Amino acid sequence: LSALMGVPVAYVMTHDSIGLGEDGPTHQPVEHLAISRATPNTYVIRPADLVETAEAWEVALSSKTTPTVLALSRQNLPAVRKTHTNQNLVAKGAYVLEEATAKRQVILMATGSEVEIALKARDLLEAEGIGTRVVSMPCWELFAEQDASYRRKVLPPGAVRIAIEAGTR
């Protein structure tokens, strides 16, 4: 109803992910992401670490007509944003977290707790000489709202794109 009425409610979902949860599917299962994203006029944000969580909260508090779902994990996640910026990168929806050191052949796109997996995969690929960019994509909806030039800058053509996110078909 908040999406239909244009009310900027912040929904905080905890226990996101299959990576932790001895209580099984009694917590937010991965299907909640699909149904939340299928709801028009709703921002679904899966932050990868503390910095992205703070920026996601700022997005939720700044919204005037769009509800925000913050899908948070209980996992002990490492800090992935280690470079300071004054800009709220979550507000862009997606951004380059790590750039390829060699010629870019692969772009790994990930959200939430899977960003850590993408960074580890990047390390393995880079060690094999496969240039790999990691894109943190905490909010698909905000990324879709960016102009085409920004989206092309983050996800340029040419490289193989691989999405990493716990979910269901």
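**A tour of helices and pockets**

On one side of helix α2, Ile35 and Ala38 are exposed. Select these two residues to begin, and keep in mind that the model is predicted.

Next, select the whole of α2, residues 31-38, and look for Leu33, Ser36 and Arg37, which are buried. These three cover an arc of only 95° around the axis, which puts them on the same side of α2. Ile35 and Ala38 are on the other side. Here, buried means under 20% relative accessible area and exposed means over 50%.

Move on to helix α3, residues 50-62. At 1.5 Å a residue, its 13 residues should span 18 Å, and the end C-alpha atoms are 18 Å apart, so the expected and computed values agree. Which residues of α3 are buried? They are Glu52, Glu55, Ala56, Val59 and Ala60. Look down the axis of α3: the buried residues fall within an arc of 145°, so they line one face of the helix. Now turn to the face pointing away from that buried side, where Leu50 and Leu61 are exposed.

Stay with α3 and select Asp49 together with Val51. Asp49 caps the N-terminal end of the helix. One of the side-chain oxygens of Asp49 lies 3.2 Å from the backbone nitrogen of Val51.

The next stop is the largest pocket, with a volume of about 360 Å³. To find its centre, select Val80, Arg81, Lys82, Leu97 and Glu98, which lie nearest to it among the 18 lining residues. Then select β4 (95-98) and α4 (114-127), the elements that give two or more residues to the lining. How many residues does α4 give? It gives 5, the most to the lining of this pocket. Colour the lining by class and you should find 8 nonpolar, 3 polar and 7 charged residues.

Last, go to the second largest pocket, which has a volume of about 160 Å³. Select Leu1, Ser2, Ala3, Leu4, Tyr11, Ser36, Thr39, Thr42, Pro67 and Val69 to show its lining. Ser36 has come up before, as one of the buried residues of α2. Helix α1, residues 2-5, provides the largest share of the lining, 3 residues. What classes make up this lining? There are 6 nonpolar and 4 polar residues, and no charged ones. The lining of the largest pocket, by contrast, has 7 charged residues.

Key. Residues are numbered from 1 along each chain as its sequence is written. This is a predicted model: local features need pLDDT of at least 70, side-chain atom pairs count only at pLDDT 80 or more; totals for chains, interfaces and linings use all residues. Side-chain values use heavy atoms; hydrogens and water are left out. Helices (H or I, at least four residues) and strands (E, at least two) are DSSP runs, numbered from the N terminus. The expected span of a helix is 1.5 Å times one less than its number of residues. Buried means under 20% relative accessible area, exposed over 50%, partly exposed in between (1.4 Å probe, protein chains only). The arc is that of the directions from the helix axis to the C-beta atoms. A polar contact is a pair of N or O atoms within 3.5 Å; within protein, one must be able to donate a hydrogen and the other to accept it, and residues adjacent in sequence count only if both atoms are side-chain atoms. On a 1 Å grid over the protein atoms alone, a cavity is a set of points where a 1.4 Å probe fits but cannot get out, and a pocket is an open set with protein on both sides within 12 Å along at least five of seven lines; lining residues have an atom within 4 Å of a point. Grid points are joined across faces, edges and corners, and a volume is the space filled by probe spheres set on the points. Ala, Val, Leu, Ile, Met, Phe, Trp, Tyr, Cys and Pro count as nonpolar, Asp, Glu, Lys and Arg as charged, and the others, Gly among them, as polar.
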